[in-house]
Amino acid sequence: MVGTSVAVAGAAGLVAGSLYAVRTGDGPQTAKLAGDAQARNAQAQGAQAGGARAGGTQARAAALAARVAGRLGGRTAGGYLDTAGRPVVTVATAADAAMVRSAGAVPKMMRTSPRTLARTTAALRRSMAGTPGTGWAVDPATSQVVMWVDDSVQGARMAGVRREAATMGTAVRMVRVPGRLRTLALGGDAIFGGGARCSLGFNVQRDGQPFFLTAGHCGNIVRDWTADQEGAQALGTTVQSDFPGNDFALVQETDGAQSAVDLHDGTAQPIAKAADAVVGQQVARSGSTTGVHTGRVTAVGATVNFPEGTVTGMIQTTVCAEPGDSGGPLFSGDTALGLTSGGSGDCRTGGVTFFQPVTEALQAFGAQLP
């Protein structure tokens with residue numbers, strides 16, 4: 001039985017399912033990366049694990065920002081945590097500002113209206129959904145849509161992207177992301193099946209039965225999971241999987257396990273609840289390739305155009321990840337936030353990583369934390 005495993009601008013490049021870890025083959029990354037990366041990161045994991053245990057105060061501030069923004073609905077560009085850790089919610093009217101202030105958050109007047117931001121993202125969905133290597137999300141702090149491109153976007157394709165962004169004026173800000181975005185199919189506490197290695201995210205329950213969540217791009221290709229590469233220790237069976245569009249899968253476990261995150265230092269962080277991430281929130285991610293790493297949420301509701309298709313509603317972060325961390329948990333203190341989906345860069349130079357919100361997966365599957 002396996003326990004729960006537990007935006008940056010640059011000059012480098014978006015790739016999805018080309019980096020599955022396999023036991024044989026000549027792919028760009030193989031299972032040996034797990035050992036290589038673990039050795040490289042062993043010295044850093046103690047400090048990262050310590051940071052992963054923190055986050056109670058921030059989690060409460062983030063929950064307040066998300067709750068107040070939810071009350072405003074389409075009248076806000078969202079909420080975030082500022083550099084002092086205060087919950088900030090964007091508003092368009094004095095009446096809404098008063099409501100935000102009375103709820104205990106800080107109101108911030110928007111420079112671009114929520115309606116304009118919604119029109120801009122809708123236009124991007126129509127015109128750019130078929131352009132791999134691109135994506136976008138609303139930045140509530142600047143009231144802009146941030147549109148990113150990777151190194152695969154060159155020549156005529158880049159010219160087309162620039163023209164599309166220019167038609168939207170100052171509502172859109174373009175950046176580059178380092179490395180090629182790809183799904184990161186190896187593991188947190190490793191799970192194996194069909195030649196692939198992925199990561200167990202969070203243990204959950206449905207109708208009193210034990211299940212766990214992992215990435216949908218893993219569930220799409222593996223039915224029967226084991227806790228060992230040889231296939232001797234049965235772990236569970238994929239019963240539902242969704243990718244692209246979303247990136248989550250539900251696996252029915254052979255045995256149940258505790259609700260906790262492996263911090264890769266001999267300890268675990270208990271997980272008591274699930275919540276939506278908020279821009280500016282400090283977060284941690286656990287995975288078998290690179291252990292525990294921390295960073296900050298830079299966007300929510302992000303759209304990523306992988307070569308395999310478009311995934312929407314993602315959490316964008318500065319947390320590094322590498323092939324092998326896919327499906328693993330994103331969390332803050334005792335709060336579950338997301339499942340590792342894909343990203344760019346690595347844990348030597350940094351990068352961008354995207355996560356499937358865990359609240360959406362729980363709702364889709366009718367599941368809850370134990």
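The legends below describe close-up views of a predicted model.

**View 1. The open sheet built from strands 2, 3 and 4.** Three strands make up this open sheet, arranged in the order 2-3-4 with mixed pairing. Its edges are formed by strand 2 (79-81) and strand 4 (106-109), each of which pairs on one side only. On average, and with direction ignored, neighbouring strands of the sheet are turned by 35° against each other. Strand 3 (residues 87-91) runs parallel to strand 4, to which four bridges join it, and V91 stands opposite M109 of strand 4.

**View 2. Helix 2 against the sheet.** Helix 2 (residues 56-72) packs on the sheet formed by the three strands in the order 2-3-4. The helix touches strand 2 and strand 3, and its direction makes about 15° with that of strand 3.

**View 3. The packing of helix 2 with helix 3.** Helix 2 and helix 3 (residues 94-102) pack at an angle of about 150°, and their axes are 11 Å apart. Because angles over 145 degrees count as roughly antiparallel, the two helices, helix 2 and helix 3, are described as roughly antiparallel to each other. The crossing in which helix 2 passes helix 3 is right-handed. At the contact, V68, R71 and L72 of helix 2 meet D96, M99 and V100 of helix 3; sorted by class, this contact has four nonpolar and two charged residues, and no polar ones.

**View 4. The aromatic pair of F248 and F365.** The structure holds three aromatic pairs, and one of them is shown by F248 and F365. The ring centres of F248 and F365 are 5.1 Å apart and the ring planes stand at 80°, so the pair is edge-to-face. F248 belongs to strand 15 (residues 248-253) and F365 to helix 7 (residues 358-365), so that the pair links distant parts of the chain, 117 residues apart.

**View 5. Strand 21 and its pairing with strands 20 and 24.** Strand 20 (residues 291-306) and strand 21 (residues 309-317) run antiparallel and are joined by six bridges, with A299 standing opposite Q316 of strand 21. The connection from strand 20 to strand 21 is a hairpin that passes through two residues. Strand 21 also pairs with strand 24 (residues 350-357), in the antiparallel sense and over three bridges, and here T317 stands opposite T353 of strand 24.

Terms used
Residues numbered from 1 in each chain as written. Predicted model: local features only at pLDDT ≥ 70, side-chain atom pairs only at ≥ 80, totals over all residues. Heavy atoms only, no water. Pairing = 2+ DSSP bridges. Axes fitted to C-alpha atoms, helices over the stretch in contact; angles between N-to-C directions. Contact = heavy atoms within 4.5 Å. Parallel < 35°, antiparallel > 145°, perpendicular 65-115°, else oblique. Left-handed = near helix turned anticlockwise from the far one by under 90°. Nonpolar A, V, L, I, M, F, W, Y, C, P; charged D, E, K, R; others polar. Phe/Tyr/Trp six-rings, centres within 6.5 Å; stacked < 30°, edge-to-face > 60°.
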